[in-house]
Amino acid sequence: MMINALPGARRAVAALTVGALLGLAPAAPAPAAPAGPAGPDRSTDVSVPDPGWTPDPVAEGVPRPPSRDVGKVKEQQRRERSAGATAADVVAGYARDGHLPKSLPLAAQPTNTEPAPLADPGLHDAQGVRMFSFLGKVWDHPVAQAQWGLRNLAAYRINRDQRFLDRAIANAQRNLDRRVESRGAWFYPYDFDLTRCAGRPVLRAPWYSGMAQGQLLSLFVGLAELTGDAKWRTAADNTFLSLTLPVSATAPWGSWVDPNGYLWLEEYPVTFGTTGERVLNGHIFALYGVYDYWRLTGDDRAVAVFDGAASTVRRYVPTHFRVTRWASNYSMGCAQPHLKYHQVHTAQNLKLYEMTWSATFATYAYLLRSDYPAPLVNGTVSFSAGTHVGYKFSSTGAITGQKTLKLTRASGALADQRTRVLGRGIYYRITNGGLAGYLVPEAYGQRILLGKAVEHRYQPTRTLSFQPGTYTGYAYDSKGAVTGSKKLTFSSASIAPLGATAWVNGRLSYQVTAGAYLGYWLPHATGLAFT
């Protein structure tokens, strides 16, 4: 679940007549909205619906009114070992590969997210706390409140406007005020029932989410760092504890060890039978909270949970989440491909590489990108002279229409998507000219998107290896035009640091960051490989 997804607004593009190849530069990504004042202050306006979130039966589920006495159940849960957990109450025995957390600069930390705007377009109450609505009533939503709080912290770090810090504190405080203390740990309840996918049991209120525990843990850590107020460190300590406790049939829990011995930070726990849905994105968002707690404290317990959670990702992405040449599955319990969350999975695996320096996660991100690349682009497709066919497809990949265009000379047209069609290859969606509204297949030498697409940058750098042979690197300007080339012959195997991969002018290419190819991109060729 990711309530506040990064925006992907499309920008208007100028018309380009098919018939002349124009060297137009793909437009630069739109800059993030300024975090400072941006219109009237609506922080006390509770009438604004959130246009960016509607329940998704796969991802967010379908909310329902509570089917039992929520207050009574909470009181029973609070009585569970109210004196606190003991050493025997720590989840243990899970697999650990040895993934150790690495320090990242603030700009690269996973929960230093997109800054919030001052004018909040989503639903909130008079205190500026994120809410959501169904059946004519507004409800607290711990993940939404945690993510909104983190976005406000990000804005505050940029401009030190107290209004953002106040809003982050309000969202954090709401969860402290609503917490259920059980087994010595702090848990943050959902007070509505939630229906998941077919075959999954209904989550009955109050229910608790490992993702919410981890995201709120990140918010508490951020507030502890920025304010120095000891209460946020206390909140972080008690929230982290919730992710170290074993499952329980009577008390809240947020983590469990599956039958294969792998640790899950569970977004949708099922108390009956103490199992979970095993949601990939929620597991990794919770892992981010454990990472933040490690940054704050250096606690060995956080290292253990971090390693266990990362090992789970390493184990299951290729076997249970990846869908070759299509979008990855949302979860193991609701094993349905999800186009939006596939991009989340891709970005999360690339971030795990930065956090662990474990090359496996960069490889997973690379494979997921190849399966279903982020589709939105804003650039020019170069067409060679000859015959080109545009297609329209159904959601299952069946051809529903096509159009043929013959060009006597090279030409160009604008595209707003570079996407995979189910059961087929990569296609560009053309927005002007003779093939406007049609998808044309990517084919090097015939139809290529000029410039870079779906770039992955590697920090730290990876290693590009060269087998004996001759290789040519290219330098490009922002329009995709070649500004230089360098051809070298290797008589023996060699290596160079690899800083990025991307599709450049229609070819998978590697960017070398030092040595003879510094500043050049090398198209993929036999003899090149990276680790």
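**Close-up 1. R278 and D258 pair up through their side chains in a salt bridge, at 3.7 Å from N to O.** This is a predicted model. R278 sits in the loop between β10 (275-276) and α6 (280-297), while D258 belongs to the loop between β7 (255-257) and β8 (263-265), so the bridge ties together parts that are 20 residues apart in sequence. Buried or exposed, where do R278 and D258 fall? Both of them are buried.

**Close-up 2. Here a salt bridge joins the side chains of D307 and R96, with 2.8 Å from N to O.** D307 comes from helix α7 (residues 300-321) and R96 from the loop between α1 (70-78) and β2 (131-134), so this pair links parts that are 211 residues apart in sequence. As for burial, D307 counts as buried, with 1% relative accessibility. R96 counts as partly exposed because its relative accessibility is 45%, and the partly exposed class runs between the 20% and 50% cut-offs.

**Close-up 3. The side chains of R178 and D140 form a salt bridge at 3.5 Å, N to O.** Helix α3 (residues 162-178) supplies R178 and strand β3 (residues 137-140) supplies D140, so the contact ties together parts that are 38 residues apart in sequence. R178 has a relative accessible area of 13% and is buried; D140, at 17% relative accessibility, counts as buried too. Both values fall in the buried class because the cut-off is under 20%.

**Close-up 4. Step back from the R178 and D140 pair and a network appears: K74, D125, D140, R174, R178 and D191 are joined by salt bridges that share partners.** Why would such side chains pair at all? Opposite charges can pair when the charged atoms come close. For the wider picture, a search of the whole structure turns up 24 salt bridges.

**Close-up 5. The largest nonpolar core has 120 residues, and F220, L265, L287, I430 and F466 are the ones that touch the most other members.** Which helix gives the most to this core? That's α7, with 11 residues.

**Close-up 6. Zooming in on F466, one of the residues that touch the most other core members, shows who it meets beyond its sequence neighbours.** Setting aside neighbours within four places in sequence, F466 is in contact with Y471, F490, S492, A493, S494, I495, A496, Y517, L522, G527 and L528.

**Close-up 7. A second core, separate from the largest one, is made of six residues.** Among them are A185, Y208, L241 and L245.

Terms used. Residues numbered from 1 in each chain as written. Predicted model: local features only at pLDDT ≥ 70, side-chain atom pairs only at ≥ 80, totals over all residues. Heavy atoms only, no water. Salt bridge = Lys/Arg side-chain N within 4 Å of Asp/Glu carboxyl O. Helix = DSSP H or I, 4+ residues; strand = E, 2+ residues; numbered from the N terminus. Buried < 20%, exposed > 50% of the residue type's maximum accessible area, 1.4 Å probe, protein only. Core = buried A, V, L, I, M, F, W, Y, C linked by side-chain atoms within 4.5 Å. Contact = heavy atoms within 4.5 Å.
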